Amino acid sequence: MAGVKRAREEEGAGGGERPRVSRVDAATSSYFEELSATLRSLYDDEERQLLADNALDEVEGREAEVAADAACSRVVEALLPLASPDRRCRFLTNCVAGDNLGAVCTR
């Protein structure tokens with residue numbers, strides 16, 4: 001028990017916060033931060049759907065990478081219900097296509 005407690009204390013000794021490990025590049029991370037802010041400012045359903053569809057189109061081919069990133073995945077979770085059914089289906093299909101399923105599955 002003492003070993004577990006000591007390990008937890010040592011983890012907290014370095015500032016208490018773990019560094020964020022991103023699975024996407026800085027530009028993509030920044031893009032999703034902007035998307036989140038823009039999404040909060042929109043109230044028109046058509047504009048929200050257009051934003052969601054365009055955002056999901058923008059990351060086509062990198063769906064698994066974005067879905068597996070801690071910060072981006074939260075924005076994707078907000079965008080998916082707003083996207084058109086066709087765009088939502090394409091995004092989710094691409095998330096699990098080929099070797100992507102393993103990349104999306106995390107602890």
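This report covers the fold, one helix pair and four individual residues of a predicted protein model.

## Overall fold

The protein chain has seven helices and zero strands. Read along the sequence, its pattern is α-α-α-α-α-α-α.

Of the 107 residues in the protein chain, 27% are buried. The accessible surface comes to about 7400 Å². Carbon and sulfur atoms account for 51% of that surface. Sequence separation in the contacts is also on record here. Taking contacts between residues at least 6 apart in sequence, 74% join residues at least 24 apart.

## Helices H2 and H3

Two packed helices are described by the angle between their axes and the distance between the axes. Helix H2 spans residues 26-41, and helix H3 spans residues 45-58. Their packing angle is about 170°. Their axes are 11 Å apart. Angles over 145 degrees count as roughly antiparallel, so H2 is roughly antiparallel to H3.

H2 brings Tyr31, Leu35, Thr38 and Leu39 to the contact. H3 brings Arg48, Leu51, Asn54, Ala55 and Glu58. By class, the residues of this contact divide into five nonpolar, two polar and two charged.

## Arg48 in H3

Arg48 lies in helix H3 and is one of the residues there that meet H2. Its relative accessible area is 22%. Buried means under 20%, so Arg48 counts as partly exposed.

Leaving aside residues up to four places away in sequence, Arg48 touches Leu39, Leu42, Tyr43 and Leu82. Among these, Leu39 belongs to H2. Arg48 and Leu79 are 31 residues apart along the chain. Their C-alpha atoms are separated by 8.3 Å.

## Thr28 in H2

Thr28 is found in helix H2. Its relative accessibility is 6%, so Thr28 counts as buried.

The side chains of Thr28 and Arg62 are joined by a polar contact of 2.9 Å. Beyond residues up to four places away in sequence, Thr28 touches Arg62, Val66 and Cys72. Val66 falls within helix H4, residues 63-68. Cys72 falls within helix H5, residues 70-79.

## Asp69 between H4 and H5

Asp69 sits in the loop between helix H4 and helix H5. Its relative accessibility is 0%, so Asp69 counts as buried.

Asp69 pairs a wide sequence gap with a C-alpha distance given here. Asp69 and Arg23 are 46 residues apart in sequence. In space, the C-alpha to C-alpha distance of Asp69 and Arg23 is 5.2 Å.

## Arg87 in H6

Arg87 is found in helix H6, which covers residues 85-96. With a relative accessible area of 2%, Arg87 is buried.

A polar atom of the Arg87 side chain lies 2.6 Å from the backbone oxygen of Leu56. Leu56 is also among the residues that Arg87 touches, not counting residues up to four places away in sequence. The others are Asp53, Asp57, Glu60 and Glu63. Asp and Glu count as charged. Of the residues touched, Asp53, Leu56 and Asp57 fall within the range of helix H3, residues 45-58. Glu63 falls within the range of helix H4, residues 63-68.

Methods:
Residues are numbered from 1 along each chain as its sequence is written. This is a predicted model: local features need pLDDT of at least 70, side-chain atom pairs count only at pLDDT 80 or more; totals for chains, interfaces and linings use all residues. Side-chain values use heavy atoms; hydrogens and water are left out. Axes are lines fitted to C-alpha atoms, for helices over the stretch in contact, and angles run from 0 to 180 degrees between N-to-C directions. Helices (H or I, at least four residues) and strands (E, at least two) are DSSP runs, numbered from the N terminus. Angles under 35 degrees count as roughly parallel, over 145 as roughly antiparallel, 65 to 115 as roughly perpendicular and the rest as oblique. Contact means heavy atoms within 4.5 Å. Buried means under 20% relative accessible area, exposed over 50%, partly exposed in between (1.4 Å probe, protein chains only). A polar contact is a pair of N or O atoms within 3.5 Å; within protein, one must be able to donate a hydrogen and the other to accept it, and residues adjacent in sequence count only if both atoms are side-chain atoms. Accessible areas come from the Shrake-Rupley method with a 1.4 Å probe; for residues, only the protein chains shown count as cover.
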